[in-house]
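Let's work through some exercises together, each with its solution set out step by step. Keep the structure open beside you as you go.

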Amino acid sequence: MTKLLIIDTETTSVEADLEVCEVAATLYNVDKDIRKCGVLASVSFVLPVDKNEAERVNGVTPELTKILNKSSRDFLSTCFLHLLGESDYCIAFNADFDKSVVHKLLEIASINRDQLTWFCAMNDF
């Protein structure tokens with residue numbers, strides 16, 4: 001049995017001063033027994049930003065990011081962190097980019113990022 005966390009993040013740019021504006025993750029179980037394979041949990045949420053230079057690319061408007069209340073955002077962020085803790089491996093299409101974004105979130109939450117093993121869907125498969 002192997003748990004894979006498939007992650008996608010959206011940011012306001014690709015520059016060093018980027019802000020995370022959306023996180024999506026699905027925890028998927030893989031097993032020799034097909035009856036034990038499938039989605040275990042998913043979470044997706046936006047984080048508030050004042051501007052989004054990448055809005056044309058990712059479609060995330062600053063107005064949208066400010067609608068969800070803080071307690072809901074905190075709850076969903078905690079769910080994401082729990083899914084990270086459940087996973088054996090993290091997978092992202094562009095893992096180098098998404099890994100750096102997730103590491104930024106982990107620093108904010110004071111969580112050790114070294115325990116995560118990443119695979120890149122673009123390069124590793």
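How many salt bridges does the structure hold? This is a predicted model, and a search for salt bridges in it gives four. The exercises below take up several of them, then move on to rings, strands and surface.

**Exercise 1. Find the salt-bridge partner of Lys-3 and say where the two residues lie.**

Step 1: Look for the carboxylate that meets Lys-3. The partner is Glu-86, and the closest N and O atoms are 2.6 Å apart.

Step 2: Place both residues. Lys-3 belongs to strand β1 and Glu-86 to helix α3, so this pair joins distant parts of the chain, 83 residues apart.

Step 3: Check the cover on Glu-86. Its relative accessible area is 41%, and because partly exposed covers the range between 20% and 50%, Glu-86 is partly exposed.

**Exercise 2. Describe the salt bridges of Lys-70 with Asp-74 and of Glu-53 with Lys-51.**

Step 1: Start with Lys-70 and Asp-74. Their side chains meet at 2.6 Å, N to O.

Step 2: Locate them. Helix α3 holds both, four residues apart, or about one turn of the helix. Asp-74 is partly exposed, at 37% relative accessibility.

Step 3: Turn to Glu-53 and Lys-51. Here the closest N and O atoms are 3.9 Å apart; a salt bridge needs the atoms within 4 Å, so this pair counts. Both residues are exposed.

**Exercise 3. Classify the ring pair of Phe-45 and Phe-80.**

Step 1: Survey the rings. The whole structure has three aromatic pairs.

Step 2: Apply the geometry. The ring centres of Phe-45 and Phe-80 are 6.5 Å apart and the planes stand at 65 degrees, so the pair is edge-to-face. The cut-off that matters here is an angle over 60 degrees.

Step 3: Place the two rings. Phe-45 sits in strand β3 (residues 38–46) and Phe-80 in helix α3 (residues 70–86), which puts distant parts of the chain, 35 residues apart, in one pair.

Step 4: Are these rings buried or exposed? Phe-45 is buried at 4% relative accessible area, and Phe-80 is buried at 2%.

**Exercise 4. Trace the strand pairing around β4, and find an aromatic cluster with a residue from that pairing.**

Step 1: Take β1 (residues 2–11) with β4 (residues 89–92). They pair in the parallel sense over three bridges, and Leu-5 has Cys-90 as its bridge partner.

Step 2: Go on to β5 (residues 118–120). β4 pairs with β5, again parallel and over three bridges, with Ile-91 bridged to Phe-119.

Step 3: Follow Phe-119 to its rings. Phe-119 forms one aromatic cluster with Tyr-89 and Phe-125.

**Exercise 5. Contrast the settings of Val-30 and His-103.**

Step 1: Find Val-30 in strand β2 (residues 20–30). At 34% relative accessibility, Val-30 is partly exposed.

Step 2: Look around Val-30 on the surface. Together with Ile-6, Tyr-28 and Val-39, Val-30 makes a nonpolar patch of about 320 Å² accessible area.

Step 3: Now find His-103 in helix α4 (residues 95–108). His-103 is buried, at 14%, because buried means under 20% relative accessible area.

Step 4: List the contacts of His-103. Leaving aside residues up to four places away in sequence, His-103 touches Arg-113 and Trp-118.

Key:
Residues are numbered from 1 along each chain as its sequence is written. This is a predicted model: local features need pLDDT of at least 70, side-chain atom pairs count only at pLDDT 80 or more; totals for chains, interfaces and linings use all residues. Side-chain values use heavy atoms; hydrogens and water are left out. Two strands pair if DSSP finds at least two bridges between them. Patches are made of residues with over 30% relative accessible area and no salt bridge: like charges are joined within 9 Å, nonpolar side chains (Val, Leu, Ile, Met, Phe, Trp, Tyr) within 5 Å. Accessible areas come from the Shrake-Rupley method with a 1.4 Å probe; for residues, only the protein chains shown count as cover. Buried means under 20% relative accessible area, exposed over 50%, partly exposed in between (1.4 Å probe, protein chains only). Contact means heavy atoms within 4.5 Å. Rings of Phe, Tyr and Trp (its six-membered ring) pair if their centres lie within 6.5 Å; planes under 30 degrees apart count as stacked, over 60 as edge-to-face and the rest as tilted.
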